[in-house]
Amino acid sequence: MATHDIVLIGASAGGVEAISAIVAGFPRDLRAAVLVVLHVSRGRSVLPEILTRAGRLVALHPDDGERIQYGRIYVAPPDHHMTMEGDVVRITHGPSENGVRPAVDPLFRSAARAFGSRVVGIIATGSLDDGTAGMAAVKEAGGIAIVQDPGEAFAPSMPRSVLAAMPVDHVLPIGEIAPMVVALVREEAASVSGRGGPHVVAMEPDRGPEQLALGGPDRPGSVSVFTCPECSGTLWESEESNILRFRCRVGHVYTQESMLAAQVDSVDRALWTALRALEERAALSRKLAERARARQHRWVANAFEQRAIATEDQAALVKRVLLDRSEAHVLPDQNVDGPLEDVELKTAQSQSD
């Protein structure tokens with residue numbers, strides 16, 4: 001009898017506390033494997049140690065090719081995606097998705113392909129919309145979708161995005177998620193014939209090294225007017241199950257809110273580059289004006305002086321735009337809890353005190 005024995009948890013901002021609270025409720029004899037993706041920065045992560053201390057199960061960063069076991073928590077390592085290939089964990093340094101690596105979507109959709117209705121997907125607190133397309137794959141394959149109640153989430157964007165895109169099975173406060181998972185693990189998983197949903201069988205970056213076609217039915221959507229915020233390549237776009245997605249040739253993938261956030265970042269980088277260039281030009285014009293004045297070339301000095309003044313005015317305008325953007329263009333629920341390594345370390349220290 002197949003049960004719901006593959007438990008997936010995805011989170012971002014505020015996720016250390018949320019995931020810790022969930023795994024704290026799992027019994028030592030849980031007959032399921034738990035796989036966790038939390039958006040973390042590069043460098044060492046102490047999340048496995050935190051989760052091991054929080055509950056009764058051992059948490060670890062798995063090796064590529066490691067076979068999953070019941071009663072273990074597998075945590076995606078920093079700067080690597082974690083996916084499923086049968087009952088084996090794959091750890092890859094693939095293209096970022098939704099601007100992050102590790103991302104939630106690759107784990108959820110690969111587990112949906114491998115295990116179908118045996119999967120229980122959980123989306124907890126987090127910024128933007130990573131995990132929405134992955135949860136769509138879980139639902140299309142017959143799995144169970146659980147979402148943290150956005151009203152209590154530290155950053156409600158990820159839960160809200162899932163709820164806006166699809167019907168889910170359970171919307172729960174964080175304290176009720178573990179008991180629900182324990183009950184589901186004991187239940188027989190429904191038999192689902194076929195896994196033909198677009199997010200289960202669509203051409204995805206984690207499905208191998210295949211090249212995107214320049215034409216024909218295997219394109220991942222229609223050619224978009226937008227370019228990839230990360231590599232500036234051509235983007236394809238598609239909308240399936242009420243989820244708008246973009247993908248470039250090398251495999252960078254964005255859902256709609258993540259794409260918007262990446263575009264905002266691109267504009268900001270361009271504006272800061274423009275500001276730096278304008279300020280350097282103004283400084284150089286001032287220097288050349290002083291040099292001409294020292295040589296008593298007054299008309300040359302005046303020309304450079306006028307150029308410096310005009311350039312400084314342009315730089316001031318760009319600076320005002322940047323300052324205005326910092327208030328007017330902040331996306332909802334962006335990560336405000338600082339570097340996740342700091343949060344993890346603080347949590348670990350508070351638990352050890």
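In this predicted model, His252 touches Pro95, Ser96, Cys228, Glu230, Cys231, Phe246 and Arg247, leaving out residues up to four places away in sequence. His252 sits in the loop that links strand S12 (243-248) to strand S13 (253-255). Its relative accessibility is 9%, so His252 counts as buried, the cut-off being under 20%.

Two other loop residues make a useful contrast with His252. Ser232, in the loop between strand S10 (222-227) and strand S11 (234-240), has a positive phi of about 65 degrees although it is not a glycine. Gln296, placed in the loop between helix H8 (256-294) and helix H9 (298-328), likewise shows a positive phi of about 65 degrees without being a glycine. Most residues other than glycine have a negative phi, and most peptide bonds are trans. With a relative accessibility of 57%, Ser232 is classed as exposed, because the cut-off for that class is over 50%. Gln296, at 68%, also counts as exposed. The backbone holds a further point to look for on the screen: the peptide bond joining Arg101 and Pro102 is cis, with omega at about 10 degrees. Pro102 belongs to the loop between strand S6 (88-92) and H3.

Turning to the sheet, seven strands form an open arrangement in the order S3-S4-S2-S1-S7-S8-S9, with parallel pairing. Its edges are strand S3 (58-60) and strand S9 (170-172), each of which pairs on one side only. Neighbouring strands are turned by 20 degrees against each other on average, direction ignored. At one edge, S3 and S4 run parallel and are joined by three bridges; here Ala59 stands opposite Ile73 in S4.

Helices pack on this sheet. H1 lies across S1, S2, S4, S7 and S8, and runs at about 155 degrees to S1. Helix H3 (residues 104-115) touches S1, S2 and S7, its direction making about 165 degrees with that of S1.

Ile73 appears again in the interior. The largest nonpolar core has 36 residues, and those with the most contacts inside it are Phe26, Ile73, Ile122 and Ile146. Several elements give two or more residues to this core, including strand S1 (6-11), helix H1 (15-23), strand S2 (33-38), strand S4 (72-75), strand S7 (119-123) and strand S8 (144-148). Helix H6 (174-185) is also one of these elements, and H6 gives the most, with seven residues. Ile146 offers a good place to start exploring: leaving aside neighbours within four places in sequence, Ile146 is in contact with Val120, Gly121, Ile122, Ile123, Met135, His170, Leu172, Ile177, Met180, Val181 and Leu184. Apart from the largest core lies another core, of 33 residues, among them Leu8, Ala76, Ile91 and Ile243. In soluble globular proteins, nonpolar side chains tend to be buried together.

Finally, a word on confidence. The mean pLDDT of the protein is 86, and 84% of its residues reach 70 or more. Over residues 329-353, however, the pLDDT is below 50; this stretch has 41 contacts in the model beyond near neighbours in sequence. Where pLDDT is low, the predicted coordinates should not be read in detail.

Conventions: Residues are numbered from 1 along each chain as its sequence is written. This is a predicted model: local features need pLDDT of at least 70, side-chain atom pairs count only at pLDDT 80 or more; totals for chains, interfaces and linings use all residues. Side-chain values use heavy atoms; hydrogens and water are left out. pLDDT is the predictor's confidence in each residue, from 0 to 100. Contact means heavy atoms within 4.5 Å. A nonpolar core is a set of buried Ala, Val, Leu, Ile, Met, Phe, Trp, Tyr and Cys residues joined through side-chain atoms within 4.5 Å. Buried means under 20% relative accessible area, exposed over 50%, partly exposed in between (1.4 Å probe, protein chains only). Helices (H or I, at least four residues) and strands (E, at least two) are DSSP runs, numbered from the N terminus. Two strands pair if DSSP finds at least two bridges between them. Axes are lines fitted to C-alpha atoms, for helices over the stretch in contact, and angles run from 0 to 180 degrees between N-to-C directions.
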